[in-house]
Amino acid sequence: MKKLFSLLLLLLPLTALAGAYEDMEEAMIRKDSASVIALLDRGMDVNTVSRTGDTLLIQAIRQEMPELVDKLLTRRARLNARNRNGETALSIAAFMGQMPYVQRLVEAGAEVNFYGWPPLTYAAFNGHREIVEYLLKRGAEINAKTENGSTALFFAARNGHTAIVRLLLENDADPTIANENDETAVDAALKGKNTDSVELLRDVGGRSGKTLTIDLSK
């Protein structure tokens, strides 16, 4: 009987933790910053991770909860923790076009450059020119490549963000870089039927990465 009682005492903290975790998830879904902060005040880990691998900071950015973002930064939440997709809080803020969050995170020490899909690529992909410009000023590597070798210029060209293509070229982005599929920014722009971007790229020496095969037997 004493052993059973001791076991129950050991399990109580785990039960309480599970309940607090569920409360946290529900509060995040409701965008209830006050309830989340109250849980943190009661000892919940500031770097708690959701079932999908997002830290509280990443979730707060996604849910656009500025009060909670401020609280997490004040409590020194890990800035560069990455979720299962390799995204950081700064990546998400750049993708969403949330300049205030981007600035806060960078000023707090968030990494601008890392392997995978860096924030610059996310901002260029989604057409957020102001954020692209800001990240470049803060040291973002303009020719950084994703896992398959594509650059921010490639995605800006593919998605028709001509103003960003121009900005990147003005900052010496390399239009000749080809990814693992031998596709350059020109190929990306052609696929997206973005003729303005094609012209800009070709004017500075951009060209297709696809080689033309000639059948000499005919």
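**Exercise 1.** In this predicted model, decide whether Phe 154 and Phe 155 are buried or exposed, then classify how their rings meet.

*Solution.* Start with accessibility: Phe 154 is buried, and Phe 155 is buried too. For the ring geometry, let's warm up on another pair. The chain holds 7 aromatic pairs. In one of them, Trp 117 and Tyr 122 have ring centres 5.4 Å apart and planes at 45 degrees, so this pair is tilted. Now return to the two phenylalanines: the rings of Phe 154 and Phe 155 sit 5.3 Å centre to centre with 80 degrees between the planes, and the pair is edge-to-face. An angle over 60 degrees is what earns that label.

**Exercise 2.** Which class of burial does Trp 117 fall into, and which does Tyr 122?

*Solution.* Take the cut-off first: buried means under 20% relative accessible area. Tyr 122, with 10%, is buried. Trp 117 has 25% relative accessibility and counts as partly exposed. Finally, place both in context: Trp 117 and Tyr 122 belong to one aromatic cluster with Phe 95, Phe 125, Phe 154 and Phe 155.

**Exercise 3.** Why can helix α5 (residues 89-96) be called largely enclosed?

*Solution.* First, list the buried residues of α5: Ala 89, Leu 90, Ser 91, Ile 92, Ala 93 and Ala 94. Next, compare with the helix length: 6 of the 8 residues are buried, so α5 is largely enclosed by the rest of the structure. Then find the partners: these buried residues pack against α3 (56-62), α6 (99-108), α7 (119-125) and α8 (129-137). Lastly, step past the helix: just after α5, Gly 97 has a positive phi of about 75 degrees.

Key: Residues numbered from 1 in each chain as written. Predicted model: local features only at pLDDT ≥ 70, side-chain atom pairs only at ≥ 80, totals over all residues. Heavy atoms only, no water. Buried < 20%, exposed > 50% of the residue type's maximum accessible area, 1.4 Å probe, protein only. Helix = DSSP H or I, 4+ residues; strand = E, 2+ residues; numbered from the N terminus. Contact = heavy atoms within 4.5 Å. Phe/Tyr/Trp six-rings, centres within 6.5 Å; stacked < 30°, edge-to-face > 60°.
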